[in-house]
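Thanks for coming, everyone. Please take a moment with the sequence and the model before I start.

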Amino acid sequence: MLIAGFPAGAWGTNCYLVAPAAGEECVIIDPGHQAAQGVEDAVAKHRLKPVAVVLTHGHIDHVASVVPVCGAHDVPAWIHPEDRYMMSDPERALGRSIGRQLMGELTVGEPDDVKELSDGTDLELAGMRFSVAHAPGHTKGSVTFRMPEQADVPPVFFSGDLLFAGSIGRTDLPGGDHAEILKSLARVCLPLEDSTVVLSGHGPQTTIGRERATNPFLREVAAGLGDGFSAAPRRGM
């Protein structure tokens, strides 16, 4: 399996291209702010053919390049219905104090073909399976994508802004809910195998085992301690 990832734009949002191997079809995850050129560079370098864009949530730092990327390759974008409005109305999604700062810089809107994700479904794209889990808390429509273990490749978990190395996503923007994100961590992350590789929306890769042992939020959830670390620093827009 080939996974080409790079941080893009002002928020360093991780964009990923996933394919069975170089020279094959691929799926693009979270083409965010200023990600279009990085996508094209990775497509050319690895001789890839994009077949879909999938989005972990609707914040502008994860979707800002979805229209040009989908348009360039004539592919659909997949997003949870509760976050779909964010592609056209990022100011409402972020709150006016943040959203207004971006409106003069970004062209917003939906690509021509938008498909909606639902919890518990499996997407079969580019010859690969992505298991979708609805994981609200950072936004109402946040989702994760899990790929099963393959040959010598451990399971891979695209966590979006649910789980980071050492932290979790912020919950102070419209649609955020701290209690809800803790429930999502318990339901979506804790059952995963320790060997699962976590590729998140911001920051370095990690594993579920490492986060289970060291991440204060995941340790809190595993111990059933409630809200003891709610003031710890978190990432994401």
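I will go through a sheet, the helix contacts and a pocket.

One thing first: this is a predicted model.

Let's begin with the sheet. It is open and has six strands. Their order is β1-β2-β3-β4-β5-β6, and the pairing is mixed. Which strands stand at the edges? They are β1, residues 2–8, and β6, residues 114–116. Each has a single partner strand, so one side of each is left without a neighbour in the sheet. From one strand to the next, the twist averages 25°.

As a reminder, strands of a sheet pair through backbone hydrogen bonds, either parallel or antiparallel. Look now at β3, residues 25–29, and β4, residues 49–54. These two pair in the parallel sense, over five bridges. Find Cys26 there: Pro50 in β4 stands opposite.

Next, what lies across β3, β4 and β5? That is helix α3. Strand β5 covers residues 77–79. Helix α3 runs at about 150° to β4.

Helix α3, residues 66–73, also packs with helix α1, residues 36–46. The angle is about 35°, and the axes are 9 Å apart. From α1, the contact uses Ala36, Val39, Glu40 and Val43. From α3, it uses Val69, Ala72 and His73. By class, that contact has five nonpolar residues, one polar and one charged.

Now a second helix pair. Helix α6 spans residues 178–189, and helix α8 spans residues 216–223. Their axes are 10 Å apart, at an angle of about 75°. Angles of 65 to 115 degrees count as roughly perpendicular, and α6 and α8 are therefore roughly perpendicular to each other. On the α6 side you have His178, Leu182, Leu185, Ala186 and Cys189. They meet Phe217, Leu218, Glu220 and Val221 in α8. The residues here divide into seven nonpolar, one polar and one charged.

Last, the pocket. The largest pocket has a volume of about 150 Å³. Its lining includes Asp119, Gly120, Thr144, Arg146 and Phe157. Also in the lining are Ser131, Val132 and Ala133, along with Arg187, Val188 and Leu192. Which elements give two or more residues? They are β8 (128–134), β9 (143–147) and α6. Strand β8 gives the most, with three residues. By class, the lining has five nonpolar, three polar and three charged residues.

So keep α6 in view: this helix meets α8, and it also gives residues to the pocket lining.

Key:
Residues are numbered from 1 along each chain as its sequence is written. This is a predicted model: local features need pLDDT of at least 70, side-chain atom pairs count only at pLDDT 80 or more; totals for chains, interfaces and linings use all residues. Side-chain values use heavy atoms; hydrogens and water are left out. Axes are lines fitted to C-alpha atoms, for helices over the stretch in contact, and angles run from 0 to 180 degrees between N-to-C directions. Helices (H or I, at least four residues) and strands (E, at least two) are DSSP runs, numbered from the N terminus. Angles under 35 degrees count as roughly parallel, over 145 as roughly antiparallel, 65 to 115 as roughly perpendicular and the rest as oblique. Contact means heavy atoms within 4.5 Å. Ala, Val, Leu, Ile, Met, Phe, Trp, Tyr, Cys and Pro count as nonpolar, Asp, Glu, Lys and Arg as charged, and the others, Gly among them, as polar. On a 1 Å grid over the protein atoms alone, a cavity is a set of points where a 1.4 Å probe fits but cannot get out, and a pocket is an open set with protein on both sides within 12 Å along at least five of seven lines; lining residues have an atom within 4 Å of a point. Grid points are joined across faces, edges and corners, and a volume is the space filled by probe spheres set on the points. Two strands pair if DSSP finds at least two bridges between them.
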